[in-house]
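Q: I'm new to this structure and would love a guided close look at one part of it. Could you take the stretch that carries a domain annotation and walk me through what is there?

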Amino acid sequence: MPQIITKGIKALLAEANDVVTRLPVAEAKKLVASDDYVFIDLRDIRELRRAGLIPGAFSCPRGMLEFWIDPDSPYHKPVFNQDKTYVFYCASAWRSALSAKVAMEMGLKPVMHLEGGFGEWLKQGGPVVPQES
């Protein structure tokens, strides 16, 4: 018997985008060097090696996000324990929308995600640095 999906990705993304602030690339470019913002790259290592990342961004593979946010997790990363604004991004703003919503539900704040993702960042001439090995 085939599975019956009762809530698809379109509904999940719509719900996330209803509650998560979207940061336009033009604004993000002004904030990327600010000490008050932490850009979190959710793409996997293959994507990072292929295309680089936003300067100063912290790489957090999507599958580790909840574990790295939670201070009670043995995998917790101190980058998620700062009084800063967190800007999540991925390739096209799908993973980042869902991730930002989960981060908010966990209590991380303030949180937003990059409108259009890394692809839009590139289209608008945002700076990129190579992934360090």
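A: Happy to! According to UniProt, in an unreviewed entry, residues 33–130 carry the feature "domain: Rhodanese". Please keep in mind that this is a predicted model. Over residues 33–130, helix makes up 32% of the chain and strand 16%. The C-alpha atoms at the two ends of that stretch are 17 Å apart.

Before zooming in, here is the setting. The protein has 6 helices and 5 strands, and along the sequence they follow the pattern α-β-α-β-α-β-α-β-α-β-α. The C-alpha atoms fill a box of roughly 50 × 35 × 30 Å along the principal axes. The radius of gyration is 15 Å, which agrees with the value near 14 Å that a compact globule of 133 residues would have. Of the 133 residues, 36% count as buried. Among contacts with a separation of 6 or more, 64% join residues 24 or more positions apart. On the outside, the protein exposes about 7900 Å², and carbon and sulfur atoms supply 55% of that area.

Now let's go inside. The largest nonpolar core has 17 residues, and those with the most contacts inside it are Ile40, Leu65, Phe80, Tyr86, Phe88, Leu108 and Val111. At least two residues of this core come from each of strand E2 (37–41), helix H4 (65–69), strand E4 (85–89) and helix H5 (95–106). The most come from H4, which gives 3 residues. There is also a second, separate core of 16 residues, with Leu23, Leu48, Ile54 and Val87 among its members.

To get a feel for the first of these cores, look at Leu108. Leaving aside neighbours within four places in sequence, Leu108 is in contact with Ile69, Phe80, Tyr86, Phe88 and Ala103.

Just along the chain, there is a backbone feature worth a look: the peptide bond from Lys109 to Pro110 is cis, with omega near -10°. Pro110 itself sits in the loop between H5 and strand E5 (111–114).

Following the chain into E5 brings us to Met112. Met112 counts as buried because its relative accessible area is 15%, and the cut-off for buried is under 20%. Not counting residues up to four places away in sequence, Met112 touches Val20, Thr21, Leu23, Thr85, Tyr86, Val87, Phe88 and Ala100. Two of the names in that list may ring a bell: Tyr86 and Phe88 are among the residues with the most contacts inside the largest core, while Leu23 and Val87 are included in the second one. Met112 and Phe39 are 73 residues apart along the chain, and their C-alpha atoms are separated by 9.7 Å.

Next, try the loop between E2 and H3, where you will find Arg43. Arg43 has a relative accessible area of 2%, so this residue is buried. What does its side chain reach? One polar contact, at 2.7 Å, is with the side chain of Asp41. A polar atom of the Arg43 side chain also lies 2.6 Å from the backbone oxygen of Gly52. Beyond residues up to four places away in sequence, Arg43 touches Leu48, Ala51, Gly52, Leu53, Pro61, Tyr89, Cys90, Ala91, Arg95 and Phe118.

A little further on is helix H3 (residues 45–51), which holds Glu47. Glu47 counts as buried because its relative accessibility is 14%. The side chain of Glu47 reaches the backbone nitrogen of Asp44 at 2.8 Å. Outside the four places on either side in sequence, Glu47 touches Gly52, Ala91 and Arg95. Gly52, Ala91 and Arg95 are also on the list of residues that Arg43 touches, so you can trace both side chains to these partners in the view.Our last stop is the loop between E4 and H5, where Ala93 is found. Ala93 has a phi near 75°, a positive value in a residue other than glycine. Ala93 counts as buried because its relative accessibility is 9%.

Methods
Residues are numbered from 1 along each chain as its sequence is written. This is a predicted model: local features need pLDDT of at least 70, side-chain atom pairs count only at pLDDT 80 or more; totals for chains, interfaces and linings use all residues. Side-chain values use heavy atoms; hydrogens and water are left out. A nonpolar core is a set of buried Ala, Val, Leu, Ile, Met, Phe, Trp, Tyr and Cys residues joined through side-chain atoms within 4.5 Å. Buried means under 20% relative accessible area, exposed over 50%, partly exposed in between (1.4 Å probe, protein chains only). Helices (H or I, at least four residues) and strands (E, at least two) are DSSP runs, numbered from the N terminus. Contact means heavy atoms within 4.5 Å. A polar contact is a pair of N or O atoms within 3.5 Å; within protein, one must be able to donate a hydrogen and the other to accept it, and residues adjacent in sequence count only if both atoms are side-chain atoms. UniProt positions are given in the numbering used here, feature names are shortened, and annotations may be inferred rather than shown by experiment. The radius of gyration is taken over C-alpha atoms; the globule rule is 2.2 Å times the number of residues to the power 0.38. Accessible areas come from the Shrake-Rupley method with a 1.4 Å probe; for residues, only the protein chains shown count as cover.
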